[in-house]
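Colleague: I am new to this structure and would like to go through it by question and answer. Please show it, and then we can begin.

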Amino acid sequence: MSSEKKCPCCSGKLFDNCCAPIIKNQRKAETAEQLMRSRYTAFTLADNEYLANSWAPETRPKEINTEDDAIQWIGLDVEEYEKGGPEDEDGTVIFTAGFLSSGHLCHLHEKSRFVKHEGLWFYLDGKTESKTHKMGRNEMCPCGSGKKYKKCCC
């Protein structure tokens with residue numbers, strides 16, 4: 001990803017000043033929200049190693065493989081958080097992530113739980129809900145391009 005691109009986590013910051021240093025292990029996430037945003041960005045980049053390393057060992061799956069997913073991530077909206085600050089040992093973040101998959105617009109709504117071990121934040125688990133909408137070819141593309149879906153992301 002280009003260093004002059006906006007970060008996929010929708011923070012409004014440049015990638016190199018937002019999630020890149022966390023994903024590249026150049027600095028640690030100071031809050032649960034920062035870790036959640038970096039994990040969303042890792043999903044957009046199919047960075048399975050970072051996703052595994054940022055998952056709490058007690059709930060981490062044996063294998064993470066995002067490379068086979070036919071998903072195009074299109075946005076993140078952090079709606080609420082509770083605790084999860086630099087001085088906390090746990091926290092929750094509620095967010096909605098949008099993505100396109102097989103011609104469907106999907107929204108994943110999750111209440112994620114995070115824990116801190118030895119000064120590092122980890123994703124513990126989450127409660128999820130999802131909604132799916134079949135995209136019509138003449139609908140405006142949800143990626144924000146301003147083009148019709150049939151001329152953009154299909």
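Colleague: Where does G146 lie?
Modeller: Helices (H or I, at least four residues) and strands (E, at least two) are DSSP runs, numbered from the N terminus. By that numbering, G146 lies in the segment after β4 (120-134).

Colleague: Before going on, what kind of model is this, and how are the residues numbered?
Modeller: Residues are numbered from 1 along each chain as its sequence is written, and side-chain values use heavy atoms, with hydrogens and water left out. Local features need pLDDT of at least 70, side-chain atom pairs count only at pLDDT 80 or more, and totals for chains, interfaces and linings use all residues, since this is a predicted model.

Colleague: Is G146 buried or exposed?
Modeller: Buried means under 20% relative accessible area, exposed over 50%, and partly exposed in between (1.4 Å probe, protein chains only). G146 has a relative accessible area of 53%. The term for G146 is therefore exposed.

Colleague: What separates the C-alpha atoms of G146 and F43?
Modeller: Along the chain, G146 and F43 are 103 residues apart. In space, their C-alpha atoms are separated by 24 Å.

Colleague: Which residues of α2 are buried?
Modeller: The helix α2 covers residues 32-45. Its buried residues are A32, L35, M36, R37, S38, R39, Y40, T41 and A42.

Colleague: What covers the buried residues of α2?
Modeller: Contact here means heavy atoms within 4.5 Å. The cover includes both helices and strands: α1, α3, β1 (71-83), β2 (90-101), β3 and β4.

Colleague: What span should α2 have, and how far apart are its end C-alpha atoms?
Modeller: The expected span of a helix is 1.5 Å times one less than its number of residues. With 14 residues, α2 should span 20 Å. This agrees with the model, where the end C-alpha atoms of α2 are 20 Å apart.

Colleague: What is the phi of A46, just after α2?
Modeller: Most residues other than glycine have a negative phi. A46 is found in the loop between α2 and α3 (48-53) and is partly exposed, with a relative accessible area of 25%. Its phi is positive, at about 55 degrees.

Colleague: Which phi does N25 have, and is N25 buried or exposed?
Modeller: N25 sits in the loop between α1 (20-23) and α2. Although N25 is not a glycine, its phi is positive, at about 60 degrees. With a relative accessible area of 68%, N25 is exposed.

Colleague: How many salt bridges are there?
Modeller: Side chains of opposite charge can pair when their charged atoms come close. A salt bridge is counted when a side-chain nitrogen of Lys or Arg is within 4 Å of a carboxyl oxygen of Asp or Glu. By this rule the count is 3.

Colleague: Which residue does R37 meet in a salt bridge?
Modeller: R37 is buried at 15% relative accessibility, while its partner is partly exposed at 22%. The two are 4 residues apart in α2, which means a separation of about one helical turn. At 3.0 Å from N to O, the partner is E33.

Colleague: Which residue forms a salt bridge with D90?
Modeller: D90 is partly exposed, with a relative accessible area of 34%, and its partner is partly exposed at 48%. The closest N and O atoms are 2.8 Å apart, and the partner is K83.

Colleague: Which parts does the salt bridge of R113 and D125 tie together?
Modeller: The closest N and O atoms of R113 and D125 are 2.6 Å apart. The pair ties together parts that are 12 residues apart in sequence, because R113 lies in one strand (residues 104-117) and D125 in another: β3 and β4.

Colleague: How many residues of β2 are buried?
Modeller: The strand β2 has 12 residues and is mostly covered. The buried number is 10 of 12.

Colleague: How many bridges join β2 to β1 and to β3?
Modeller: Two strands pair if DSSP finds at least two bridges between them. Y81 stands opposite V93 in β2, and G91 stands opposite F114 in β3. Both pairings are antiparallel: β1 and β2 pair over 11 bridges, and β2 and β3 over 12.

Colleague: Which residue in the turn between β2 and β3 has a positive phi?
Modeller: β2 and β3 form a hairpin with 2 residues between them. The phi in question is about 50 degrees, and the residue is S102.
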